[in-house]
Amino acid sequence: MATYELVKDKAQAAKQAAAKLAVTSTAVKNAALLAMAAALEAQQSEILAANERDMTVAAAKGMKSSMLDRLKLTAERISGMADGLRQGSSPSSLRPGPTSP
């Protein structure tokens, strides 16, 4: 499958998912965020190993070190991602931001 077709298919799937997500309850969304956080932590070893393989391939293909640094995962970065997902599921994350005068 050509890159264009792959991206097009992913975009269409995302659009369909967004429509379903729009009518999904907050409780279900929060449960999904918490499940994703738990999965990240539970599969950390596998994620880090896969990332290391990807980093090796990317470096061999000449990817710039600045980009490699952005893509490199560490235990701390994975923990930060999981924390962000948990924060997104908390009631305090639903507070409206400041309003303009």
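In which helix is the place of S65? This tour of a predicted model begins with helix α3 and returns to that residue afterwards.

**First stop: helix α3**

Please select residues 44–60, which form helix α3. At 1.5 Å a residue, these 17 residues should span 24 Å, and the end C-alpha atoms are indeed 24 Å apart, so the expected and modelled values agree.

Next, highlight N51, M55 and A58, the buried residues of α3. They cover an arc of only 65° around the axis and therefore lie on the same side of α3. Turning to the other side of the helix, one finds S45, E46, R53 and A60, which are exposed.

**Second stop: beyond the end of α3**

Select G62, which follows α3 and has a positive phi, near 90°.

**Third stop: helix α4**

Now display residues 65–71, helix α4, which is included in what covers the buried residues of α3. Here the opening question is settled: S65 has its place in helix α4. Is S65 buried or exposed? Its relative accessibility is 61%, and because exposed means over 50%, S65 counts as exposed. To relate this residue to another part of the chain, select K15 as well: the two are 50 residues apart along the chain, and their C-alpha atoms are separated by 34 Å.

**Last stop: a nonpolar patch**

Finally, select M63, M67 and L71, which make a nonpolar surface patch of about 230 Å². Of these residues, L71 is found in helix α4. With a relative accessibility of 40%, L71 counts as partly exposed.

Technical notes:
Residues numbered from 1 in each chain as written. Predicted model: local features only at pLDDT ≥ 70, side-chain atom pairs only at ≥ 80, totals over all residues. Heavy atoms only, no water. Helix = DSSP H or I, 4+ residues; strand = E, 2+ residues; numbered from the N terminus. Expected span 1.5 Å × (residues − 1). Buried < 20%, exposed > 50% of the residue type's maximum accessible area, 1.4 Å probe, protein only. Arc of directions from axis to C-beta. Contact = heavy atoms within 4.5 Å. Patch = residues over 30% accessible without salt bridge, like charges linked within 9 Å, V, L, I, M, F, W, Y side chains within 5 Å. Areas by Shrake-Rupley, 256 points an atom, 1.4 Å probe, with all protein chains shown as cover. Salt bridge = Lys/Arg side-chain N within 4 Å of Asp/Glu carboxyl O.
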